[in-house]
Amino acid sequence: DKDSFRMGAYNFGPDLVSNKEVIDVLEEIRKYLPIKWTVPDNDENFHEAQKLSLSSQKAFAELKWLPSWGFEETIEKTAKWYIDFNKGL
C-alpha cells in the first residue's frame, strides 16, 4: 500500500571497508579506458578528497541490500558500460 512505500533516494555502493583512494580507482579504470590525469604539485587552490565515500546504510537497513561485486568487478563492469554507451549500444 502507498503508506508502506519508503520515500527518498537510496545510494548503492560498497561497504565502508571497501573504500578506495581516488588514485586506486583511476589506476583500475585505466585497465579498460585510455584515461590520463595529472596531480597538481602543491597547488593551494586544488582540492580533491583522498577517499570518496557513498553511504549505502539506508539501502542496507531498509532494503536488506548488500553489494555482490567487489572493487575490480565493479570498475570493470562500469568501464565496459561506458564503452558500450559511447558506441551507442
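Glutamate 27 is partly exposed, with a relative accessible area of 39%; here buried stands for under 20% relative accessible area, exposed for over 50%, and partly exposed for what lies in between, with a 1.4 Å probe and protein chains only. The structure is a predicted model, in which local features need pLDDT of at least 70 and side-chain atom pairs count only at pLDDT 80 or more, while totals for chains, interfaces and linings use all residues. Residues are numbered from 1 along each chain as its sequence is written, and side-chain values use heavy atoms, with hydrogens and water left out.

**Exercise A: the chain as a whole**

Task: State how many helices and strands the protein chain has, and what percentage of its residues count as buried.

Solution: Start with the elements. The protein chain has 3 helices and 0 strands, where helices (H or I, at least four residues) and strands (E, at least two) are DSSP runs numbered from the N terminus. Their order from the N terminus is α-α-α. Next, take burial: 9% of the 89 residues are buried. Then turn to the surface. The accessible surface is about 7800 Å², and carbon and sulfur atoms hold 54% of it; the areas come from the Shrake-Rupley method with a 1.4 Å probe, and for residues only the protein chains shown count as cover. Finally, look at the contacts (heavy atoms within 4.5 Å). Of those with a separation of 6 or more, 82% join residues 24 or more positions apart.

**Exercise B: confidence**

Task: Find which element has the lowest mean pLDDT and which has the highest.

Solution: Begin with the term: pLDDT is the predictor's confidence in each residue, from 0 to 100. For the protein chain the mean is 82, and 82% of the residues reach 70 or more. Among the elements, α1 has the lowest mean, 89, and α3 the highest, 93.

**Exercise C: the length of a helix**

Task: Work out what span helix α3 should have at 1.5 Å a residue, and compare it with the distance between its end C-alpha atoms.

Solution: The rule is that the expected span equals 1.5 Å times one less than the number of residues. Helix α3 covers residues 71-86, which is 16 residues, so the expected span is 22 Å. The end C-alpha atoms are 23 Å apart, which agrees. Just after α3, glycine 88 has a positive phi of about 85 degrees.

**Exercise D: salt bridges**

Task: For each of three salt bridges, give the distance between the closest N and O atoms, and say whether glutamate 28 is buried or exposed.

Solution: Side chains of opposite charge can pair when their charged atoms come close. The rule asks for a side-chain nitrogen of Lys or Arg within 4 Å of a carboxyl oxygen of Asp or Glu, and by it the count is 4.

- Arginine 30 pairs with glutamate 27 at 3.9 Å. Arginine 30 is partly exposed, at 44% relative accessible area.
- Lysine 31 pairs with glutamate 28 at 3.1 Å. Lysine 31 is exposed at 58%, whereas glutamate 28 is buried at 8%.
- Glutamate 73 pairs with lysine 77 at 3.9 Å. Glutamate 73 is partly exposed at 32%, and lysine 77 is partly exposed at 37%.

Now place the last pair. Glutamate 73 and lysine 77 are 4 residues apart in helix α3, so about one helical turn separates them. An α-helix has 3.6 residues a turn, so residues three or four places apart point the same way. Glutamate 73 can also be located relative to glutamate 28: they are 45 residues apart in sequence, and their C-alpha atoms are 10.0 Å apart.

**Exercise E: a surface patch**

Task: Name the residues that make the nonpolar surface patch of about 370 Å².

Solution: Patch residues have over 30% relative accessible area and no salt bridge; like charges are joined within 9 Å, and nonpolar side chains (Val, Leu, Ile, Met, Phe, Trp, Tyr) within 5 Å. The patch consists of Trp81, Tyr82 and Phe85. Phenylalanine 85 is in helix α3.

**Exercise F: residues outside the helices**

Task: Say where proline 14 and lysine 64 are placed.

Solution: Proline 14 is in the segment before α1 (22-29) and is partly exposed at 39%. Leaving out residues up to four places away in sequence, proline 14 touches Asn19, Leu54, Ser56 and Pro67. Proline 67 is 53 residues from proline 14 along the chain, yet their C-alpha atoms are separated by 6.1 Å. Lysine 64 is in the loop between α2 (57-63) and α3. Lysine 64 has a positive phi of about 60 degrees although it is not a glycine, and with 66% relative accessibility lysine 64 is exposed.
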